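Here are my notes for a colleague who is opening this entry for the first time. Please read them with the structure beside you.

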Amino acid sequence: MNDPYESLISSGNYSFLYTPTSIPTNETEEYFNEEYVGCLCTDICRADCPCYSRTGTIYEDGRIVQINDMPSYECNANCSCASKCSLKLVQFGPNSNMDIRWTEKKGYGLFAKSRIPKDSFICEYAGEIIGKNEAELRYHNRAVVGESNYIFWAREHFGDKTIETIIDPTSIGNIGRFANHSCKPNCNLLLIRIDCAYPKVCLFSNRIIDAEQEITFDYGSCESVQPSLIENPCHCEEANCKGKLTEDL
Ligand SMILES: C[S@@+](CC[C@H](N)C(=O)[O-])C[C@H]1O[C@@H](n2cnc3c(N)ncnc32)[C@H](O)[C@@H]1O
């Protein structure tokens, strides 16, 4: 993975360790090493490829061109297809034209240094993958001392089964942890599986993002619901702003 942000963050005055992608804790590592069977394609994967037919997301030239209401997978290390097949994008790393800047009312934020096309991969929201009890404890401990919440709680429904993936980038994370909330966000979240059963929580642009614009997503999306312990005003300054920040990443 090509990730240009490790040195930016390691040399800055930030209080967390860097990881380019999400990592397990003792509690979650059991499912982390589950591998997916690879395809036998010899070039670019097409409709007859098993990876192609099971994924909801297809890319072309680094952007999403097709998205269906199905779980999303990329080709993985066990696949024999071309290194740049249309089912590989997130695994090559984040958009390299972003910067962390201090904002007036929201703390740090993530900004585009140059124009980013619609449907582009921005970055993973990476951190420790933790269990439910640990998430509730960490969330509570930070909330009672008035600290910002970084824990993201994703729920996916497969028939009558619900799978939860909880990411905490508070102490170990990547550039995604600087993305602020907006009530009119320019990014959506997609859960993409590559090489293990836990999905990567990924930000994709939902419109053109011009240079100098802040990169945002909706903290209330992806069914990330947690009981709110603190009420923070939202400072996204959009016309449709709900006024309150859902501290329910
Ligand atoms: C995932 S962090 C985002 C990065 C954070 N601003 C920082 O300095 O590290 C989430 C926290 O950022 C702040 N935040 C994010 N979006 C905001 C918004 N629209 N209005 C006010 N505060 C916001 C809140 O303190 C929230 O708990």
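**Notes on the model**

1. Start with R63. R63 is partly exposed, with 14 other C-beta atoms within 10 Å. That count lies between the 12 or fewer of an exposed residue and the 20 or more of a buried one, so R63 falls into the class in between. R63 is found in strand 4. Bear in mind that this is a predicted model.

2. What does R63 touch, leaving out residues up to four places away in sequence? The contacts are P117, D119 and S120. L89 is 26 residues apart from R63 along the chain, and the C-alpha atoms of the two are separated by 8.2 Å.

3. Strand 4 (residues 63-67) has a partner in strand 3 (residues 57-60). The two are antiparallel, with four bridges. One residue pair to look for is T57 with its bridge partner I67 in strand 4.

4. Now look at the turn of that hairpin. Two residues lie between strand 3 and strand 4. D61 sits in this loop. Its phi is near 50°, which is positive, and D61 is not a glycine. Most residues other than glycine have a negative phi. Is D61 buried or exposed? D61 has 10 other C-beta atoms within 10 Å, so it is exposed.

5. D119, one of the contacts of R63, also has a positive phi without being a glycine. The value is about 65°. D119 belongs to the loop between strand 7 and strand 8. With 18 other C-beta atoms within 10 Å, D119 is partly exposed.

6. Next, the sheets. One open sheet has four strands in the order 5-14-15-8, and its pairing is mixed. Why do strand 5 (72-73) and strand 8 (121-124) each have a side without a neighbour in the sheet? Both stand at the edges with a single partner strand, so one side of each is left free of a neighbour there. The partner pair of strand 8 and strand 15 (residues 200-205) is antiparallel, over three bridges. Within strand 15, C202 stands opposite E124.

7. Another open sheet of four strands runs in the order 6-7-16-13, again with mixed pairing. Strand 6 (98-102) and strand 13 are at its edges; each has a single partner strand, so one side of each lacks a neighbour in the sheet. Strand 13 and strand 16 are parallel, with two bridges. N180 has T216 in strand 16 as its bridge partner.

8. Strand 11 pairs with two strands described here. Strand 9 is joined to strand 11 by three bridges, antiparallel, and E128 has D168 as its bridge partner. Strand 10 and strand 11 are also antiparallel, over seven bridges. A154 is paired with T165. The hairpin of strand 10 and strand 11 has two residues between the strands, and G159 takes a positive phi near 60° in it.

9. Helix 3 (residues 132-144) is 13 residues in length. From first C-alpha to last it reaches 18 Å, close to the 18 Å expected at 1.5 Å a residue. Just after helix 3 comes G146, with a positive phi of about 75°.

10. Which residues touch the most other members of the largest nonpolar core? Of its 39 residues, these are I122, F152, V201, C202, L203, F204 and I215. Strand 15 gives the largest share, four residues. F204 touches I64, D119, S120, F121, I122, C187, N188 and L190, with residues up to four places away in sequence left out. A second, separate core has 12 residues, including C41, Y73, C81 and C85.

11. Last, the ligand. There are 17 residues around the ligand, and G107, Y108, S148, N180 and H181 come nearest. Strand 7 (108-112) and strand 13 (180-181) are the elements that give two or more residues to this shell. How do the residues of the shell divide by type? Six are nonpolar, eight polar and three charged. N180 thus appears twice in these notes: among the residues nearest the ligand, and as the bridge partner of T216.

Definitions and conventions. Residues numbered from 1 in each chain as written. Predicted model: local features only at pLDDT ≥ 70, side-chain atom pairs only at ≥ 80, totals over all residues. Near = placed C-beta within 6 Å. Nonpolar A, V, L, I, M, F, W, Y, C, P; charged D, E, K, R; others polar. Pairing = 2+ DSSP bridges. Expected span 1.5 Å × (residues − 1). Core = buried A, V, L, I, M, F, W, Y, C linked by C-beta atoms within 7 Å. Contact = placed C-beta atoms within 7 Å.
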